[in-house]
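Biologist: I'd love a close look at one strand and its neighbours in this model. Could you walk me through how that part is built, and then set it in the rest of the protein?

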Amino acid sequence: MGVGISFLIGLKAAALFLLFAFLRSRGFGLLCLPFLYASLVSLLVSLASHPSINLPLLLGKSPDGSFPVWSVLIFGPYLYFVRAFSAIRRLRSGEAPYTEICEGVYVGGWPSSLDKLPPGDPAIVDCTCELPRRPELRGHAYFCVPTWDTRSPGPGEIESAVKWACRKRAQNKPVFIHCAYGHGRSVAVSCALLVVLGVAEDWKNAERIIKERRPYIRMNGLHRKALEEWSKHRLSAPKKTGFGEIRSTLSSGESNYS
């Protein structure tokens, strides 16, 4: 499965601390302090993103996709680092920002601008805890499942996202499920959605369907474990009445942010 984000950000914290120590030894007293602060922030993120802790709420992302001022002030070094890293990685990869998996269901990476959004005024399921909802996307229906990169939404979170997406599909709205790159977190939720829509028999078949259309996806053991648990205990049942009309048992407590 690999150690994922906690190990990588832990290495970043160590590198920043070594740079701080080097600059301090050279007499750069004030210049070294930002590196110490960035190192401490990275260490905190590394600990909070470890599977044994898994606390995405640490970053304070709101249900409407925004970050409060306190979060930006405290975690700014990490938040802006991941935005820049995401932009550079996607630019170098050349991968399409989104892929249509079946009629009205899209999977992709973070929509940093309107041109990264699928057509048809899609409803958005955001599976990131580290990336913001862009101001220009405020007019789109929105549901947030805050999850660390390389980690997975829990079975209950997958269920909530699927119910919300089913309701939007029943209204003939396209649904765009995204994480940072459209490879892991968003694919896990999309697998469950395809099962409930009746497109796939189970999440394993759904993964194969998505991989045929978006070859670079790579779910890990955490994603597959969450989907297996969701499959055992899910409440949403795949039911269809006519082409494109989806009926599902939906709880009334879910919010629709627009």
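Modeller: Strand β4 (residues 142–144) runs parallel to β3, and three bridges join the two. One of the partnerships to look for links V125 with F143 of β4. Do keep in mind that this is a predicted model.

β3 also pairs with strand β5 (residues 175–178), again in the parallel sense, this time over four bridges. Here D126 has H178 of β5 as its bridge partner. So much for the backbone; now the side chains. Within β3, which covers residues 123–126, A123 and V125 point one way, while I124 and D126 point the other way. Every one of these four is buried, D126 included.

Stepping back, the protein has seven helices and seven strands. Starting at the N terminus, the order is α-α-α-β-β-β-β-α-β-α-α-α-β-β. Of the 258 residues, 48% are buried. Among contacts with a separation of 6 or more, 67% are between residues 24 or more positions apart. The exposed area comes to about 12,300 Å², with carbon and sulfur atoms supplying 62%.

The annotation is worth setting beside the model too. An unreviewed UniProt entry lists residues 6–23, 28–47 and 67–85 under "transmembrane region". In the model, residues 6–23 are 100% helix and 0% strand, with 26 Å between the end C-alpha atoms. Residues 67–85 are 89% helix and 0% strand, and their end C-alpha atoms lie 19 Å apart.

Methods
Residues are numbered from 1 along each chain as its sequence is written. This is a predicted model: local features need pLDDT of at least 70, side-chain atom pairs count only at pLDDT 80 or more; totals for chains, interfaces and linings use all residues. Side-chain values use heavy atoms; hydrogens and water are left out. UniProt positions are given in the numbering used here, feature names are shortened, and annotations may be inferred rather than shown by experiment. Buried means under 20% relative accessible area, exposed over 50%, partly exposed in between (1.4 Å probe, protein chains only). Contact means heavy atoms within 4.5 Å. Accessible areas come from the Shrake-Rupley method with a 1.4 Å probe; for residues, only the protein chains shown count as cover. Two strands pair if DSSP finds at least two bridges between them.
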